[in-house]
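Work through the exercises below with the model open. Each task is followed by a stepwise solution.

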Amino acid sequence: MPGYMRTKEFHGQPLQAFDPDGGAGAARQGPAWSLSAPVSGPPEFPEVFERFVQSVDTTQVTTLVLGFTGFDGPDAATSLLAAAERFPRLRALYLGDEEDFPCIWQTDLTPVLERFPLLERLDVRGKQEWELQPFRHAALKTLRCESCGLPSGVLQALAASDLPGLEHLDLWFGVDDDGLEVADVFDLTPLLSGERLPSLRSLGLENSSIQDEIAEAASTAPVVARLRSLSLALGALSDRGAESLLSGQPLTHLQRLDLHHHYLSDGMMERLRAAYPDTDVDLSEAQGEYHGPFDDEAHLWVADGRDF
């Protein structure tokens, strides 16, 4: 039977869940598929993937979502790369469509971008073993990286990559981890120049425990001046970070400013609404304002920092 299917639609396409057991009447054709290993197993993910490429006309597949591969791996990209020539029309790919970050295993994803030059969208969710090298990709329009602890090296590689067609970029930073060098504002700064992202119109810098520092960096970032949408959502944004947005470069050109899941005071929310009357400002999911004697005692949680 098919594994758990977390995402039902991707890149505008309804997904079919692949049944590795080939149940009676199971569909074997279609452009958009979701594959996951059964939680209780068997078969293991490599066998699920092998059955998929042997039973489905993968030359017609344009959209592929790869989910749960096992509590201890393997990563999904290795199986995909071994059969890369079987997916000549692949346009949208999701690696790591699984709820809990510790159950998602990645690898160096640079070969994925090299082997699939037609990719228009790549979503990656994870943390463990995730690596990336600087790359160039002419077709990529949407890139989403969701993490509870985005590896510093991944962001550094992105900042050094050439993405002339990229229009939408989402980055989840997560929280500090003693066992991993997590990306910070220093790693982000080269990307915010926008020099390698001439087509970027939507930017998300999200799910961060240092959301205030990120907001401060965004408030003076050259790339923000040509955006239509900016998201600093899902993190620990407080009045400090919001103040930097109000005192920095004008943001009135934005069609949307997404700040949902925040720690803003009522007064600050009113100031933001008044400052951007023609902008869709999302201030939903207010977590309440922290009122403590010392700033360093504040425990502000990101929306998804789970590591269990």
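**Exercise 1. Describe how helix α4 packs on helix α5.**

Step 1. Take the axes (lines fitted to C-alpha atoms over the stretch in contact; angles run from 0 to 180 degrees between N-to-C directions). Those of α4 (residues 152–159) and α5 (residues 185–192) come within 8 Å and cross at roughly 15°.

Step 2. Classify the angle. α4 and α5 are therefore roughly parallel to each other (angles under 35 degrees count as such).

Step 3. Assign the hand. α4 passes α5 in a left-handed crossing (the near helix is turned anticlockwise from the far one by less than a right angle).

Step 4. List the contacts (heavy atoms within 4.5 Å). Ser152, Leu155, Gln156, Leu158 and Ala159 of α4 meet Asp187, Leu188, Pro190 and Leu191 of α5. By class, six are nonpolar, two polar and one charged (Ala, Val, Leu, Ile, Met, Phe, Trp, Tyr, Cys and Pro count as nonpolar; Asp, Glu, Lys and Arg as charged; the others, Gly among them, as polar).

A note on the source: this is a predicted model, in which local features need pLDDT of at least 70, side-chain atom pairs count only at pLDDT 80 or more, and totals for chains, interfaces and linings use all residues. Residues are numbered from 1 along each chain as its sequence is written, and side-chain values use heavy atoms, with hydrogens and water left out.

**Exercise 2. Repeat the analysis for α7 and α8.**

Step 1. α7 (residues 239–247) and α8 (residues 266–275) pack at about 20°, their axes 11 Å apart. So this pair is roughly parallel.

Step 2. The crossing of α7 and α8 is left-handed.

Step 3. Asp239, Ala242, Glu243 and Leu246 of α7 touch Met268, Arg271, Leu272 and Ala275 of α8. The contact has five nonpolar, no polar and three charged residues.

**Exercise 3. Give the strand order of the open sheet of 11 strands, and find its edges.**

Step 1. Count elements. The chain has eight helices and 13 strands (DSSP runs numbered from the N terminus: H or I of at least four residues for helices, E of at least two for strands).

Step 2. The order is β3-β4-β5-β6-β7-β8-β9-β10-β11-β12-β13, with parallel pairing (two strands pair if DSSP finds at least two bridges between them).

Step 3. β3 (16–17) and β13 (280–282) are the edges; each has a single partner strand, so one side of each lacks a neighbour in the sheet.

Step 4. Check one pair. β11 (residues 229–231) and β12 (residues 256–258) are joined by three bridges in the parallel sense. Leu230 has Leu257 of β12 as its bridge partner.

Definitions and conventions: Angles under 35 degrees count as roughly parallel, over 145 as roughly antiparallel, 65 to 115 as roughly perpendicular and the rest as oblique.
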